[in-house]
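User: I would like to go through a protein model with its ligand. Please take the ligand site and then the nonpolar cores.

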Amino acid sequence: MSVTPQQVLDRLAGVLSPRGVALTDADVLSEIAVNGDKVFFSINVEASDIRVWEDVRAQAEMAVRAIPGVSVAMVALTAERKPGSAASSPGSAQGIPNVSTHRSPPASGSPMARQADIPGVAAVIAVASGKGGVGKSTTALNLALGLRALGLRVGLLDADIYGPSIPRLTGIREKPQLTDDKKMVPIARFGLAIMSVGFLIEEERAMIWRGPMVTSAIRQMLRDVAWGELDVLVVDMPPGTGDAQLTLAQSVPLKGAVIISTPQDLSLIDARRGLAMFRQINVPVLGIVENMSFFQCPHCGSRSEIFGHGGARHEAERLGVPFLGEIPLHMLIRETSDSGHPVMESEPDGPHAAIYRAIAGRIRDQLQGATAAA
Ligand code: ADP
């Protein structure tokens, strides 16, 4: 006989939130989905709290896995703003004053027109999300590898100065060398040229950055890095759509932007803000990717749509932007990503790599279209 959601909830009553409240009383649990001996649910928290919840997520997973009759427990930590709460950009969440400069777009034309191109780099694209925790960095890295697999020369710039995760996702520990003319040499890994502010400073220290420093650091990473000859430079943007992101988007000569969203409605509202931001500065939106689109059981491959799959596709249609594809919520993507061996690299012939390659192909096509239109 399979376990019941109530049995799962009874167990979760014994797991405490970071504030010491029983999980079942913390108003964070999604519906508990039980599929035979497999249990799936998510813990939805504020984006700014996601790090302190990771332990609780792991404890909840262990507690549920210990229930007799449960063979698989998958607990996802998702960042979802509660309706009615104040808009939070990562900057404001961490007490970083928002940048008030560059608030309005220039009166005419694209601000990108004023930016010098990066020598040797044919196209720069941004991977952005309206909020943190939607898998933006994981997707940016795997899409960069997808573009690489299509034969393009690709670089990856981790511009998420508030929480650079590319060092963790790639397992890169070394610091970049300097060339004779004092340019930083990007780290070569998986066939990509990779640069992250996380290579230079510790993750925690990144949080005390102030807006103007952010912009100058990004400019420096774009121009004072010996990128070499690249067809595409993928920029992993900081999450959110506040002034800091807008300033950043304006400091990068972008050919286009890809928006990552999860299916939840609230996340889509954030994605819409991302769209509006890029439109405001005349950067073509190459499309929306729905990450954690549906849950795929790592054992039987069965599909559960616990997060209301399909929202991004409808939203993209409604807003008239291309829908680039759906990436399942899969243990393998999480494990490979968090252990520094992205799935595109560790399982290039697997189904997930095929999904990232297909999306990368659509991005390349959109990019060619955008270039032709320009
Ligand atoms: P963001 O850059 O939006 O903050 P990350 O890329 O750091 O998000 O991902 C947050 C967490 O979600 C990481 O633990 C990552 O491994 C996991 N993750 C991202 N995408 C998926 C997916 N499709 N399936 C399973 N786990 C995922």
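The turns below cover the ligand shell, one residue in it, and the cores.

Analyst: This is a predicted model, in which local features need pLDDT of at least 70 and side-chain atom pairs count only at pLDDT 80 or more, while totals for chains, interfaces and linings use all residues. Residues are numbered from 1 along each chain as its sequence is written, and side-chain values use heavy atoms, with hydrogens and water left out.

User: How many residues surround the ligand?
Analyst: A residue is near the ligand if one of its heavy atoms lies within 4 Å of it. The closest are Gly135, Lys136, Ser137, Thr138 and Pro328. By class, the shell has 6 nonpolar, 7 polar (Gly is counted here) and 4 charged (Asp, Glu, Lys, Arg) residues. The number surrounding the ligand is 17.

User: Which polar side chain lies 2.9 Å from an oxygen atom of the ligand?
Analyst: Polar contacts are pairs of N or O atoms within 3.5 Å; within protein, one must be able to donate a hydrogen and the other to accept it, and residues adjacent in sequence count only if both atoms are side-chain atoms. Backbone N or O atoms serve at lysine 136, 2.8 Å from a ligand oxygen, and at proline 328, 2.8 Å from a ligand nitrogen. The side-chain atom at 2.9 Å from a ligand oxygen belongs to aspartate 338.

User: Which element gives the largest share of the shell around the ligand?
Analyst: Helices (H or I, at least four residues) and strands (E, at least two) are DSSP runs, numbered from the N terminus. The largest share is 4 residues, and the element that gives it is H10.

User: Is threonine 138 buried or exposed?
Analyst: Threonine 138 is in helix H4, and its side chain makes a polar contact of 3.1 Å with the side chain of serine 337. Buried means under 20% relative accessible area, exposed over 50%, partly exposed in between (1.4 Å probe, protein chains only). Because its relative accessible area is 16%, threonine 138 is buried.

User: Which strand gives the largest share of the largest nonpolar core?
Analyst: A nonpolar core is a set of buried Ala, Val, Leu, Ile, Met, Phe, Trp, Tyr and Cys residues joined through side-chain atoms within 4.5 Å. Of the 80 residues in the largest one, Trp227, Leu233, Val234 and Phe278 touch the most other members. The largest share of this core is 7 residues, from residues 121–128, strand E4.

User: How many residues are in the second, separate core?
Analyst: This core includes Val28, Ile32, Val39 and Ile67. Its residue count is 21.
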